[in-house]
Amino acid sequence: METTFTDMDSIFNRTKNALVDFMEILTPIIENAKDDHERLFWHHIYEEEEHRSDRLDILMPKVQDGTALSGNQLELVHLLQDISIEKFGLHNFLEHLDLFLFQFKGTEYEEKIQALRDFTYEDYQQMKVIMDKLNQEFQVSAEFKTSIPTDEKKENGSNVKIEAYSNEHSHEHVHAAAPVKQSYKKKLTVGSLKQQ
């Protein structure tokens, strides 16, 4: 169990540093946005990552300390919930990096963001394994649906999933450009309705 918490500590430290780097890159993009839509889009992503950074500030000392494991049951449940939420946060961060790469392909940002994306992908795969171990170790009866990404929910149809992030393809290393190569059937989305 100690190894699991050491691995999580490493992942959370890497992702915390990556969040800071990503937010520093986003700041001038937000400041120099060409219109309100672009500003809101990147601001929204920035804000989500800022909130996640705040959550990590609270969670990381608990993971490093590990006292919740020997504490009362309620503390343990809260810790496992927080870890599960951060697994979901890692999934969202991966998607945010992919969105950035789609927008800024071939720019001075691509190499830096691709490097962040590559290790974030590996960390996310490792966090899924860690969560499975924790669920088995502590005999968690049901996963918390609020911390399971849409792409991993078995009851959701493929029409709302992105193949690159689904469990069926989690063993494949997907380069950020891969989802673009897939053919998607045009579907109604909030964004497509706006352009109607």
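In this predicted model, helices α1 and α2 are roughly antiparallel to each other, because the angle between them, about 155°, lies over the 145 degrees at which that description begins to apply. Helix α1 covers residues 2-31 and helix α2 covers residues 36-65, and their axes are 9 Å apart. The crossing of α1 past α2 is left-handed. Sorted by class, the residues in the contact of α1 with α2 are 16 nonpolar, six polar and eight charged.

Helix α1 also packs against helix α3, which spans residues 73-103. Here the axes are 11 Å apart and the angle is about 40°. The two helices α1 and α3 are therefore oblique to each other. As with the previous pair, the handedness can be followed on the model: α1 passes α3 in a left-handed crossing. It is worth finding the residues that meet here. On the α1 side they include Phe5, Met8, Ile11, Phe12 and Phe22, while the α3 side offers Leu79, Ile83, Leu90, Phe93 and Phe100, among others. By class, this contact of α1 with α3 holds 16 nonpolar residues, two polar ones and one charged one.

Aromatic rings deserve a look of their own. A pair of such rings is described by two values, the distance of the centres and the angle of the planes. The count for this model comes to eight aromatic pairs. One of them joins Phe22 and Phe93, whose ring centres are 5.7 Å apart and whose planes stand at 70°, an edge-to-face arrangement. Because Phe22 belongs to helix α1 and Phe93 to helix α3, this pair ties together parts that are 71 residues apart in sequence. Phe22 has a relative accessibility of 0% and so counts as buried. Phe93, with a relative accessible area of 0%, is buried too.

A further pair is formed by Trp42 and Phe104; this one is tilted, with 5.7 Å from centre to centre and 45° between the planes. Trp42 sits in helix α2, whereas Phe104 sits in the loop between α3 and α4 (110-137), so the pair ties together parts that are 62 residues apart in sequence. Both Trp42 and Phe104 are buried.

Finally, these rings can be placed in a wider group. Phe22, Phe41, Trp42, Phe93, Phe100, Phe104 and Tyr109 form one aromatic cluster. The cluster thus offers a handy place to begin when exploring the model: Phe22 and Phe93 form its edge-to-face pair described above, and Trp42 and Phe104 form the tilted one.

How values were computed: Residues numbered from 1 in each chain as written. Predicted model: local features only at pLDDT ≥ 70, side-chain atom pairs only at ≥ 80, totals over all residues. Heavy atoms only, no water. Axes fitted to C-alpha atoms, helices over the stretch in contact; angles between N-to-C directions. Helix = DSSP H or I, 4+ residues; strand = E, 2+ residues; numbered from the N terminus. Parallel < 35°, antiparallel > 145°, perpendicular 65-115°, else oblique. Left-handed = near helix turned anticlockwise from the far one by under 90°. Nonpolar A, V, L, I, M, F, W, Y, C, P; charged D, E, K, R; others polar. Contact = heavy atoms within 4.5 Å. Phe/Tyr/Trp six-rings, centres within 6.5 Å; stacked < 30°, edge-to-face > 60°. Buried < 20%, exposed > 50% of the residue type's maximum accessible area, 1.4 Å probe, protein only.
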